[in-house]
Each structure stands twice: as structure tokens, then as C-alpha cells.
Amino acid sequence: MNIPQNLFYTKDHEWARIEGKTAYVGITDYAQESLGDITFVQLPKAGDTLRQSEFCATVESVKAASDVYSPFSGKVLSVNQEPCEHPELINESPYEKGYFFIMELSSEAEKAKLMDAQSYRSYVEGLSK
Amino acid sequence: MKLIFERHKSGRRGFSYALPDVPQAKPLAKQYCRKNDTLLPSLSELDVVRHYTNLSRLNFSVDTNFYPLGSCTMKYNPKFTERIVAFEGFAQVHPLLPQLSGGGMLAQGSLEVLYETEKLLAEITGMNAFTMQPLAGAHGELTGIMLIAAYHKDNGARRKYVIVPDSSHGTNPASAAIAGYKVIVIPTDKDGYMDLEEYKKKLNNEVAAVMLTCPDTLGIFNPNIKRIADMAHEAGALMYYDGANLNALLGKARPGDLGFDVMHINLHKTFATPHGGGGPGGGPVGVSEKLVDFLPIPRVVKRVDGTLALDYHRHKSIGYVAPFYGNFGVILKAYAYMLYLGKAGLIQAAEIAVLNANYCLASLKEYFAPAFDKKCMHECVFSASRQVKNGVHALDIAKYLIDKGYHPPTIYFPLIVKEALMIEPTETESKETLDEFIAVMIEIARLAEENPSCVTQAPIHTPVKRLDETKAAREPNLRWQP
């Protein structure tokens with residue numbers, strides 16, 4: 001299970017990578033593995049305002065459609081169009097090519113509600129026992 | 001198998017026109033004619049008969065094999081109801097007849113079917129009144145939520161949320177969203193029930209309704225229903241009962257007595273009519289007294305002289321939700337089924353549905369991990385987690401069952417159970433059928449230990465092997481082109 005050190009994680013299996021006042025957002029390796037082959041993704045639009053833990057995107061796989069929740073509050077700056085054309089990128093490269101969007105953070109302090117890599121790993125291990 | 005289009009042979013026909021014995025009409029003006037050929041295939045009658053007969057032999061149905069598709073309730077529809085809907089007095093009545101002056105008196109039998117079915121459903125569920133119009137369960141849900149919206153609007157209340165547990169049917173949040181509500185999802189606790197603490201936190205006076213399926217999609221009866229309903233009512237919200245799984249409760253508990261204000265019934269699940277997805281379906285909606293005025297028009301009412309009529313003059317009604325009176329033939333089948341089984345028979349149907357599911361659960365829990373190790377209601381949920389250790393997933397188990405002549409159970413639903421296998425045998429199956437199915441499931445568990453590739457390579461006896469489901473979803477190709 002790939003759980004990079006420098007990211008923040010939610011219990012719904014989204015990740016966020018903070019870069020200055022912005023963050024890259026996507027779903028984790030565990031999420032793509034559980035969903036199976038992803039066939040469709042619906043992302044927010046640049047300019048949309050998101051609230052932490054609220055709905056921001058939909059991913060659909062051969063098994064199910066799932067909601068994705070925003071790890072932070074803030075405005076969407078740009079959206080990664082690649083996975084819309086090639087949803088398999090989310091399976092192949094969930095933390096790099098398959099990221100969903102970049103957002104401007106309203107408050108970095110919200111990261112207190114997220115998990116670091118160690119806590120997320122033990123959380124995921126708890127789920128699959 | 002070739003498509004019927006690929007059997008086309010230019011000039012071949014299955015009929016011949018008689019020579020016209022009247023003057024020919026003028027051809028249509030050019031702007032009304034299509035520009036291209038229709039591309040309909042030319043075939044002989046025998047070509048067509050063979051094509052569809054062979055196609056029908058590839059069909060899998062509950063009339064051919066066991067079909068334990070959990071949550072969908074694919075039970076056998078007794079054939080006597082087909083005979084009844086074919087009666088000329090029902091089949092040949094024009095749906096406009098009861099709307100014509102004096103026509104209602106010529107359609108009293110059909111109106112009586114609608115009126116009496118409503119009365120029987122109200123008695124079974126403890127609700128005050130029903131509309132028989134919605135054309136399937138999901139349509140019933142939308143109608144129910146529209147009734148809730150009309151009720152709040154009438155009381156001058158602005159409410160914008162609907163609460164659903166994460167074990168609910170996917171149609172619940174969808175119906176609420178289509179009716180314009182925001183959905184709040186409540187997680188399931190470790191016992192398989194809606195998390196009460198989380199529910200308390202999320203419930204407020206902007207919540208319009210709480211939608212519950214009972215028993216839920218884990219096949220579990222929620223013992224906190226009364227508390228959930230009392231709390232919702234205190235906050236001014238209404239309780240919605242998804243009656244998909246009513247077949248487990250017939251004659252044992254009534255949603256009306258449990259505190260529900262609105263409910264729908266999927267007629268196919270409980271009263272042995274065609275499935276809504278395959279249709280035509282039926283999704284009657286029942287309401288408590290405070291919502292009766294909002295029911296769709298028309299209502300079938302009894303006049304003082306005992307005759308039945310359609311009532312369109314209901315100023316608080318949400319209006320029309322379906323053409324005419326719903327799928328009349330389906331309602332008639334449900335009515336016939338209820339009368340045929342009677343009270344004792346319906347109660348027995350519920351008992352056997354629950355017994356059959358528990359028999360499967362008890363027989364298989366040594367081999368497959370149960371989602372929750374407690375008695376179930378009408379369906380039981382396992383996880384293929386033990387088999388996954390050897391690389392055998394729920395999908396592989398489903399494919400292997402197809403090879404053995406079974407429709408697979410529902411897989412990967414409910415979403416909250418990993419590698420879910422959801423088995424709903426229904427009351428229509430015998431112990432012998434269940435024993436044969438259980439033996440095959442035990443064989444799969446053994447193969448997963450000893451020879452997993454046997455399972456992961458299935459199916460091998462079907463006309464097509466594993467289909468590329470991912471490619472089909474990513475690049476859907478649904479239309480034949482020359």
C-alpha cells in the first residue's frame with residue numbers, strides 16, 4: 001500500500017499535498033484499489049468554493065459510484081482534465097498524474113482534522129482486518 | 001450470436017402486400033420524408049423466428065434457474081395472475097372510460113380493484129391511504145418526497161435536508177436530491193445500525209425527512225426505529241419508510257405503527273409482480289393522516305350510494321405523477337396475489353422468506369465471513385474477505401456461480417461491506433434448491449483454498465467468457481452501425 005509521507009489524509013480516503021497556500025487533492029492508493037477499475041470521474045469547476053468534508057467530486061468504477069469529499073475549505077484554482085479523459089490514470093498514479101484539482105486554502109489550520117501518513121496507515125490496516 | 005441486422009439479405013421479406021383496391025394517396029411532401037434509408041434488416045419470417053427463439057434460449061430468468069440477487073428480490077411470479085389480467089373485462093377496458101360522463105359506471109370492476117388494493121395495503125402497513133399511481137419503486141420514492149415537500153410548504157416551513165443512513169438503497173439519496181433536498185448521510189455503527197449519536201448531531205429543524213429502509217440492506221431490523229422516529233418528529237421532520245424489504249415484515253410489524261409518515265412499496269418484492277427495472281412495475285405510496293390531502297390526483301372514492309368514482313377536485317394535491325391510474329395490470333396482479341394467499345398466507349410468506357435467508361446464513365457462515373454475525377431478516381450478507389487472501393474475489397465467485405447455473409447474488413453492495421455477497425433466496429424456493437446452492441457455495445470456498453485458479457477463470461461453460469467490463473464502461477459502444 002503506497003502511503004506517501006508528506007501528505008495529509010481523510011478517513012474517506014482523500015489526500016492533500018500542501019504547497020504554500022494551495023493544496024493538490026486526489027484519492028488514495030487504498031481508495032483506487034478498493035474501487036477497482038475507475039471508468040468515470042466528475043470533478044468540480046475552477047472557481048467553485050468547497051467546504052471541508054463536503055462533497056466535491058464523484059468517481060465511478062465497475063463496482064460502484066462514490067462521492068469524494070474535500071479535505072480542505074477553499075476555492076478550486078485549477079482542475080486536472082487528464083483523468084476525465086483517461087480515468088485509468090487514477091488507478092495507475094493516484095498521487096501524481098491522477099490528482100483531481102488544486103485548491104486555494106482558506107485555512108491551513110484545518111489540517112488538524114486530517115491524518116498524517118502514520119495514522120492513515122494504521123487507520124487503513126484497521127479497516128482491512 | 002449474430003445480430004439481426006447482420007442477417008439482412010437484400011430483397012428478403014416476411015410478408016407481401018395485397019394490391020391496393022383504392023386510389024393511392026399523394027406521396028408526402030419532400031420536407032416530411034427522411035433523407036436516409038431506415039437500415040431496417042430484410043429477413044424472412046423464419047429468419048426472425050429462429051433469431052428470437054435462439055436469443056430467448058440464452059436468457060436467464062427466475063423461470064429457468066435460482067436467482068438469489070440480494071436487495072432485488074427476484075421471486076417467482078405465479079402464473080395464475082397472468083390469466084386474471086388477461087380477462088377481457090379488465091384487459092379491454094379503455095383507460096379513458098371512467099373519465100367520460102356515465103363511463104365510471106361501466107368500469108366499476110376496475111375501479112374496485114384500485115380501491116380495494118389501496119384498502120388492503122393500508123391494512124397491511126398501518127398507513128392511512130395509498131396512491132396506486134407510481135410506476136415503480138423509485139418513482140414511488142420521488143412521489144413520497146414530493147408529498148413531504150408539499151406538507152412542509154403547506155405548514156410554511158423551509159426545510160432543506162433529508163437524512164439517510166449509509167446502508168440505504170442508492171435510490172433514497174437520489175430521490176431526495178431530485179426533489180431538491182440536500183442529503184445528509186449517517187454512518188453505520190459496529191452493530192450494523194444507523195449511528196444514533198451521529199444522527200442526534202445532524203438532526204435539526206431544517207431536516208424535512210429521515211428515510212429508512214427496514215429491514216435495511218444488511219438484512220438487519222433496526223431495534224432503534226421508535227427512538228429515531230420520535231426524535232425526527234420532535235424536530236418537525238417526517239419519517240419515510242422505504243418498503244423495499246416489506247416482505248420480511250408482513251403481518252409482523254406495520255410501518256404505520258412504527259411511526260412512519262410516508263412509505264412506498266415495491267409491488268414486485270412483496271406481492272409477486274414484474275420487477276420495476278424490467279417492468280412494468282408498481283410503487284404505491286402510503287401516507288399517514290396528515291398527508292392524505294396531498295396525494296396525487298385522481299383518487300378513487302366511494303360515493304354515498306356505494307359506487308366508485310374518480311375524484312380530481314383536491315386543491316392541496318401534488319397533481320399528476322403518472323398517466324391515468326398507474327400500471328393497472330400490475331396492481332391487479334398484486335391484488336389477486338393478496339386475495340389468493342390471504343392473511344395467513346402472506347404471514348407465512350414473510351416467515352419463509354426470513355427462514356430461507358437464515359438457513360443460507362447458518363449453512364454458509366462457517367465458509368464465508370458474515371457481514372454481521374447475527375440473525376438476519378429476508379437476506380444475508382457475506383464478505384469474500386477470507387477468499388480474497390487466496391486471490392478469489394466476490395466477482396470471481398459470481399462468475400463461477402454462473403457456470404453452475406445460478407444467477408449470482410448481488411456483489412459489492414451494500415457498499416459498506418468489503419467484497420460483499422448479498423444473498424436473498426425469497427420464500428418461493430424449496431429447501432432442496434437452497435441445499436444445492438449451498439453445496440456449490442461450499443465447493444467454491446474449498447476451491448478458493450485448494451485451487452483458486454478454477455474459480456478465477458470461471459465462467460467456462462457460457463456463450464461468452466469474462467467480458468471486459470472496464471472497457472465497456474470506458475468506451476461504451478451501444479449501437480449497431482453498418
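Two residues are taken to be in contact if their C-beta atoms, placed from the backbone, lie within 7 Å. By this criterion, six residues of chain B are in contact with six residues of chain A in this predicted model. On the side of chain B that touches chain A, three residues are nonpolar, one is polar and two are charged.

Chain B is a good place to begin. Its 482 residues have a radius of gyration of 26 Å, which agrees with the value near 23 Å that a compact globule of this length would have. Along the principal axes, the C-alpha trace of chain B spans about 80 × 70 × 45 Å. Of the residues in chain B, 42% count as buried. The secondary structure of chain B comprises 16 helices and 13 strands. Among contacts in chain B with a separation of 6 or more, 70% come from residues 24 or more positions apart.

Three domains make up the division of chain B: domain 1 covers 4-17 + 24-56, domain 2 covers 80-339 and domain 3 covers 349-472. The C-alpha centres of domain 2 and domain 3 of chain B are 32 Å apart. Where these two domains of chain B meet, 17 residues of domain 2 are in contact with 15 residues of domain 3. The domain 2 side of this contact in chain B consists of seven nonpolar, eight polar and two charged residues.

Turning to chain A, a sheet comes into view. Strands of a sheet pair through backbone hydrogen bonds, in either a parallel or an antiparallel manner. In chain A, six strands form an open sheet in the order β1-β2-β3-β9-β8-β5, with antiparallel pairing. Strands β1 (8-9) and β5 (49-50) of chain A stand at the edges; each has a single partner strand, so one side of each lacks a neighbour in the sheet.

The pairings can be followed residue by residue. At one edge, β1(A) pairs with strand β2 (residues 14-19) of chain A in the antiparallel sense over two bridges, and A:Y9 has A:W15 in β2(A) as its bridge partner. Further along the sheet order, strand β3 (residues 22-27) of chain A runs antiparallel to strand β9 (residues 101-105) of chain A, and four bridges join them. Here A:A23 has A:M103 of β9(A) as its bridge partner. Strand β9(A) also pairs in the antiparallel sense with strand β8 (residues 74-79) of chain A, over five bridges. In that pairing, A:S78 stands opposite A:I102 of β9(A).

How values were computed: Residues are numbered from 1 along each chain as its sequence is written. Chains are lettered from A and ligands numbered from 1 in the order in which they are written. This is a predicted model: local features need pLDDT of at least 70, side-chain atom pairs count only at pLDDT 80 or more; totals for chains, interfaces and linings use all residues. Domain bounds come from an automatic or database domain assignment. Ala, Val, Leu, Ile, Met, Phe, Trp, Tyr, Cys and Pro count as nonpolar, Asp, Glu, Lys and Arg as charged, and the others, Gly among them, as polar. The radius of gyration is taken over C-alpha atoms; the globule rule is 2.2 Å times the number of residues to the power 0.38. A residue is buried if 20 or more other C-beta atoms lie within 10 Å of its own, exposed if 12 or fewer, and partly exposed in between; C-beta atoms are placed from the backbone. Two strands pair if DSSP finds at least two bridges between them.
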